[in-house]
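Here is a friendly walk through the side-chain packing and charge pairing of one protein chain. Have the viewer open and follow along.

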Amino acid sequence: MAAPIITLQSIQLAFGHHALLDDAQLSIEPNERVGLVGRNGTGKSSLLKVIDGRQAPDDGKINRIDGLRVYTVEQEPQLAGNTVLDVLAAPIAGAHAEPWEREVLARQWAEKLQIDAQTLISELSGGMNKRVALAAAFLSAPDLLLLDEPTNHLDLDGIAWLEEQLRRWPASVLLITHDRRFLDAVATRIIELDRGKLLSFPGNFAKWQRHKEQWLHAQELADERFNKLLAQEEVWIRKGIEARRTRNEGRVRRLEQLRRERDARRQQLGKVNMKLDLGNRSGKLVAELDAVCLAFGEHRIIDQFSTTIMRGDRIGLIGPNGAGKTTLLKVILGQLPPQSGQVRLGSNLQIAYLDQMREQLDENATLVDVINPGSQWVEIGKQRKHVIGYLEDFLFEPARAQSPVKSLSGGERARLLLARLFARPANVLVFDEPTNDLDIETLELLESLLQEFTGTVIIVSHDREFLDNVVTQTIAFEGAGKWGCYVGGYAEWLLQRPVPQDVESKEDKPSQTQKRPAPAQPKRNQRLSSWEQAELDGLPEKIEELETLQTQLNDKLSSPETYEAGAESFQAIQNELLSIQAALAKHYERWQALESRQA
């Protein structure tokens, strides 16, 4: 077995009296992909900082192989440079590449990302910003790649792209993520950070869950035996005077040691205690959409969409970034009127909405004020509870009850929003990206809660595992404003979604579901010339690049900034879209001709 590229020995790290790392041990082998899991606030990001040298430990030793190169992509990466090319070309300097080599490689990666290398960083969406940051990391070719929540801001296509890149990555990776399906796809080992200790489990997330269950059961049995022994010794030491005179001093010392062990035992962390107040029952009908249409300029967000949502339905909305999922959600809830068609809402709806951007939180408000302004009590169903105790159910210590929102981490903000959401009676729960910043344990508890909820749930999410575990119906974006309804969650949608048999016209073809021409396999009786075969093999990539650019331009058309910039900016984008549509039609015509000759 090859020697570890980095080893952490007896690492100690504390902030005040709170120990994040307590005698932590960790070794990372060459070419392994390690998933780091644990509760929010346990110190996972701090561990990455210790590994890459941004944070010095309070004590302990770190051994690195000579010349170890480490690259970190943070949750919210700040890209240094004016353009995509600036960012992608810069990190390769560490590999001693010539300037012209750096630019060639950077442009190649820009093509893989399907983005113009001269695009300004300020114009990138959150998802593309993350992709560029990840591409810069791959280009730097480090020995150890550290990723902090890499799937945040990525849509389903982006997550699939990253999974493929990591599976082919020829070096080591340590990543923090709450995406269980992603961990199953890429991880070869799971490390859990639990109360300052690092516990290692071989395999992916599913295997870790089985190992963890067995480990916890063994620990419970050991604790039971220890508690029984301690209780027996406590009874013995409290015997009468005569017994004390003859007691064994060695046994006394043993009892004292047992007490010290009991005092030092690491207790399981408290669990989030979430309960829902269903409120009054809604009518049988929640929402009915009939031939609804909505567009921003020439960009169609919703085109002739009809559906019916009944009480008790659990709906998942999926689609790429910029497809209009949040817009469709607002139309369903009656918050945004369609341009044509009808939306009919049911009776007695009590809607609780968890928004994607966490805009509901006042940065200067205290935690108590967020939960229930002007009152020290909350009522969940028929139970009345003090707001301090209610916050403790969501793992906020009483001392923090008067802290401002701005002092919270991303995960804590997510928990606070859930606390506020569940403090109000509701029969319709609406979640826009609820899994961002939630740890896996809280996610699983939320899933259980939603499965038991008898009201209606509508969820926008890119978390495939969460969707499969919660929703009973999926509304999926199919391109050009078209949305389809499918029974089941993400996995069922994959099986049911339509695969076009013929190439559709450039007007009606949804770019996201367009059938990709597979690379042609050489045949023994090949009729194409070598250059024609090369052209056929290269057409899928060209088509994909154009479709991605087409999507980006459509997203720009839906942005208010485009209209504020004036008619010239709008017309320039329209002209470029027309050029792309013409190029796509040409490429598809050529692909059909070459493939027909080959067949």
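In this predicted model, Tyr 490 has a relative accessibility of 13%, so Tyr 490 counts as buried. Trp 493 falls in the buried class as well, with a relative accessible area of 11%. Both residues belong to helix 16 (residues 490-496), where they are three residues apart, so about one helical turn separates them. Their rings make an aromatic pair, 5.7 Å centre to centre, with 45 degrees between the planes; that pair is tilted. Trp 493 has a charged companion too: Arg 497 lies over the face of the Trp 493 ring, at 4.9 Å from the ring centre.

**More on the rings**

How many aromatic pairs does the count come to? The total is seven aromatic pairs. One of them joins Phe 201 and Trp 208, whose ring centres are 6.3 Å apart and whose planes meet at 80 degrees; since edge-to-face means over 60 degrees, this pair is edge-to-face. Phe 201 and Trp 208 are both buried. Elsewhere, a single aromatic cluster is formed by Trp 109, Phe 138, Trp 161 and Trp 169. A further charge-over-ring arrangement involves Phe 396: the charged end of Arg 415 sits over the Phe 396 ring, 5.0 Å from its centre.

**Nonpolar cores**

Which residues touch the most other members of the largest nonpolar core? In that core of 47 residues, they are Leu 416 and Phe 431. Helix 13 (residues 410-422) supplies the largest share of this core, with seven residues. Setting aside neighbours within four places in sequence, the contacts of Phe 431 are with Leu 354, Leu 418, Leu 421, Phe 422, Leu 450, Val 457, Ile 458, Ile 459 and Val 460. There is also a second, separate core; it has 46 residues, including Ala 106, Val 132, Ala 135 and Ile 159.

**Charged pairs**

Side chains of opposite charge can pair when their charged atoms come close. The structure holds 16 salt bridges, and the table below shows some of them.

| Acidic residue | Basic residue | N to O distance |
|---|---|---|
| Glu 163 | Arg 464 | 2.7 Å |
| Asp 179 | Arg 464 | 3.8 Å |
| Asp 194 | Arg 195 | 2.4 Å |

Where do the partners Glu 163 and Arg 464 lie along the chain? Glu 163 is in helix 5 (residues 156-167) and Arg 464 is in helix 15 (residues 464-470), so this salt bridge links distant parts of the chain, 301 residues apart. Glu 163 and Arg 464 are both buried.

The salt bridge of Asp 179 with Arg 464 also ties together distant parts of the chain, 285 residues apart. Here Asp 179 is in the loop between strand 7 (172-176) and helix 6 (180-186), while Arg 464 is in helix 15. Is Asp 179 buried or exposed? Asp 179 is buried, and so is Arg 464. Through shared partners, salt bridges join Glu 163, Arg 167, Asp 179 and Arg 464 into one network.

The third pair in the table, Asp 194 with Arg 195, has both of its residues buried.

**A few backbone details**

Ser 10 is worth a click: its phi is positive, at about 50 degrees, although Ser 10 is not a glycine. Ser 10 is found in strand 1 (residues 6-15), and its relative accessibility of 33% makes it partly exposed. Ala 291 also has a positive phi, near 50 degrees, in a residue other than glycine. Ala 291 is part of strand 10 (residues 285-296) and, at 23% relative accessibility, counts as partly exposed.

One last stop is Ala 206, in helix 7 (residues 205-237). With a relative accessible area of 24%, Ala 206 is partly exposed. Along the chain, Ala 206 and Arg 180 are 26 residues apart, and their C-alpha atoms are separated by 8.2 Å.

Key: Residues numbered from 1 in each chain as written. Predicted model: local features only at pLDDT ≥ 70, side-chain atom pairs only at ≥ 80, totals over all residues. Heavy atoms only, no water. Phe/Tyr/Trp six-rings, centres within 6.5 Å; stacked < 30°, edge-to-face > 60°. Buried < 20%, exposed > 50% of the residue type's maximum accessible area, 1.4 Å probe, protein only. Helix = DSSP H or I, 4+ residues; strand = E, 2+ residues; numbered from the N terminus. Lys NZ or Arg CZ within 6 Å of the ring centre and 35° of its normal. Core = buried A, V, L, I, M, F, W, Y, C linked by side-chain atoms within 4.5 Å. Contact = heavy atoms within 4.5 Å. Salt bridge = Lys/Arg side-chain N within 4 Å of Asp/Glu carboxyl O.
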